[in-house]
Amino acid sequence: MNMHIPLVDLRAQYQTIKHEILAAIEDVLEHMQLFLVPQCEAFEQEFATYCGCQYGVGLSNGTDALALALRACEIGPGDEVITVANTFIATVEAIALVGAPPVFVDVEPCTYTMDWRLSDSVLTSRTRAILPVHLYGHPADMQPIVEFAKKHALRVIEDASQAHGATYQGQRVGSFGDIGCFSLYYSKNLGAYGEAGICVTNDVQLAESLRMLRDHGSRIRYQH
């Protein structure tokens, strides 16, 4: 007998919290708060705190989280970003979107995450950032990655889209680098009903830049 078992069964999850979900949606619609609403702000702060960060900035999806994180760190054309190929395409796509060439290092055979020992071999005068990927809930080896970045004045942007809640040396992923990026795609272990993303950071200036970038370069409505 063949049995079809879905990879993600959101319907089963939804049935357990249906009344809570519908009440929250009704509250949004009753007040017609449809853009950067108090519920969004509350989630941003709660998730940032959960990750051990001060600031959270909600975004449309994980790809935007990565691309805007790079832009907030002023990574652009000609700047090189060290990362890995063993990841979902969005990691490299985001680097390409800001005009920066990705520079690949291999992964460790035991964890399939970035082998930081290879970073020296690809470092050049144009290297501006390092972008490790936490994969399948397993954190990259962040301590030496951060130390390498500090030594060479590089930005660290974490792709934590597959590791919500994972810890490394007792600290949650997303809180080690300058910015941590998360996808909230519906199949993630913290998923929206559809698409969403979020960046977390402890740098108030980066948080402000992310908020400005997500709203067409605006801090004040209709001033861009």
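Helices (H or I, at least four residues) and strands (E, at least two) are DSSP runs, numbered from the N terminus. With that in hand, Glu208 can be placed in helix H7.

The model is predicted, so local features need pLDDT of at least 70 and side-chain atom pairs count only at pLDDT 80 or more, while totals for chains, interfaces and linings use all residues. Residues are numbered from 1 along each chain as its sequence is written, and side-chain values use heavy atoms, leaving out hydrogens and water.

**Exercise 1. Find out whether Glu208 is buried, partly exposed or exposed, and how many Å separate its C-alpha atom from that of Asp27.**

Step 1. Start with the scale: buried means under 20% relative accessible area, exposed over 50%, and partly exposed in between (1.4 Å probe, protein chains only).

Step 2. Glu208 has 31% relative accessibility, so this residue counts as partly exposed.

Step 3. Now look along the chain: Glu208 and Asp27 are 181 residues apart, and their C-alpha atoms are separated by 28 Å.

**Exercise 2. Work out which parts of the chain the salt bridge between Glu44 and Arg214 links.**

Step 1. Recall the general idea: side chains of opposite charge can pair when their charged atoms come close. A salt bridge is a side-chain nitrogen of Lys or Arg within 4 Å of a carboxyl oxygen of Asp or Glu. By this rule there are seven salt bridges.

Step 2. In the pair of Glu44 and Arg214, the closest N and O atoms are 2.7 Å apart. Glu44 belongs to helix H2 (residues 38–51) and Arg214 to helix H7 (residues 204–214), so the pair links distant parts of the chain, 170 residues apart.

Step 3. Check the surroundings of each partner: Glu44 is buried at 6% relative accessibility, whereas Arg214 is partly exposed at 22%.

**Exercise 3. Describe the salt bridges of Arg117 and Asp178.**

Step 1. Arg117 meets Glu108 at 3.1 Å, N to O. Arg117 is exposed, with a relative accessible area of 52%, but Glu108 is buried at 13%.

Step 2. Look for further partners: Glu108, Asp115 and Arg117 are linked in a network of salt bridges.

Step 3. Turn to Asp178, whose side chain meets that of Arg155 at 3.0 Å, N to O. Asp178 sits in the loop between strand E7 (171–172) and strand E8 (179–183), and Arg155 in strand E5 (residues 155–159), so the pair ties together parts that are 23 residues apart in sequence.

Step 4. Both partners can be placed on the accessibility scale: Asp178 is partly exposed at 22%, and Arg155 is partly exposed at 28%.

**Exercise 4. Determine how helices H3 and H4 pack.**

Step 1. Axes are lines fitted to C-alpha atoms, for helices over the stretch in contact, and angles run from 0 to 180 degrees between N-to-C directions. Helix H3 (residues 62–72) and helix H4 (residues 89–97) pack at an angle of about 40 degrees, with axes 8 Å apart.

Step 2. This makes H3 oblique to H4, because angles under 35 degrees count as roughly parallel, over 145 as roughly antiparallel, 65 to 115 as roughly perpendicular and the rest as oblique.

Step 3. For the residues in contact (heavy atoms within 4.5 Å), Thr63, Leu66, Ala67 and Leu70 in H3 meet Ala90, Thr91, Glu93, Ala94, Ile95 and Leu97 in H4.
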